[in-house]
Amino acid sequence: MFTLLGNGDGSFRSGVGYVVSGADAAVAIADFSADGKPDVAVASFSTVAILVGNGDGTLQPSIDYAVGSDPRWMATADFNLDGKPDLVTANRGSDDVSVLINTTR
């Protein structure tokens, strides 16, 4: 996965690469770590990789979570109404959905 940070004038800096397992199929951005900084979720093959944001445009190494086969779509919402963003993936390969409940304190 590559990120391109904006220069504020419509142009971008050179891309920075981050390692995630497989080919990127879907991306969602939310504050999953509850630190006030945006984090990135990337779905691929049968995992969702969470890359915690450092607040300066860089990301920490990914933490992988298992989901169904071949996730193609992903969305974030507070599914259990605890004030934290959770994730759902629609998995084309296994014809199901996976819900990841955020357990960050």
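In this predicted model, the largest pocket encloses about 280 Å³ of space. Its lining consists of 15 residues, and F32, I50, Y65, N102 and T104 are the ones that lie nearest the centre. Two strands, β6 (63-66) and β8 (86-91), each contribute at least two residues to this lining. Sorted by class, the lining of the largest pocket comprises nine nonpolar, four polar and two charged residues.

The second largest pocket has a volume of about 150 Å³. Around this pocket are T3, L5, P38 and V40, together with G53, N54, G55, D56, G57, T58 and L59. The lining of the second largest pocket includes six polar residues, four nonpolar residues and one charged residue.

The interior was examined next. In soluble globular proteins, nonpolar side chains tend to be buried together. The largest nonpolar core of the model is made up of 12 residues: A26, A28, A30, F32, A41, A43, V48, I50, V52, V67, M74 and L87. Two or more of these residues come from each of β3 (26-30), β4 (39-44) and β5 (47-51). The largest share, three residues, is supplied by β3.

I50 belongs to this core and is also among the residues nearest the centre of the largest pocket. Leaving aside residues up to four places away in sequence, I50 touches F32, V40, A41, P61, S62, I63, Y65 and L87. Of these contacts, F32, A41 and L87 are members of the largest core, whereas V40 is part of another core that lies apart from it. That other core has eight residues, including V20, V40, V42 and A49. V40 also appears in the lining of the second largest pocket.

Notes
Residues numbered from 1 in each chain as written. Predicted model: local features only at pLDDT ≥ 70, side-chain atom pairs only at ≥ 80, totals over all residues. Heavy atoms only, no water. 1 Å grid on protein atoms, 1.4 Å probe; cavity = no way out; pocket = protein on both sides within 12 Å on 5 of 7 lines; lining within 4 Å. Points joined across faces, edges and corners; volume = space filled by probe spheres on them. Helix = DSSP H or I, 4+ residues; strand = E, 2+ residues; numbered from the N terminus. Nonpolar A, V, L, I, M, F, W, Y, C, P; charged D, E, K, R; others polar. Core = buried A, V, L, I, M, F, W, Y, C linked by side-chain atoms within 4.5 Å. Buried < 20%, exposed > 50% of the residue type's maximum accessible area, 1.4 Å probe, protein only. Contact = heavy atoms within 4.5 Å.
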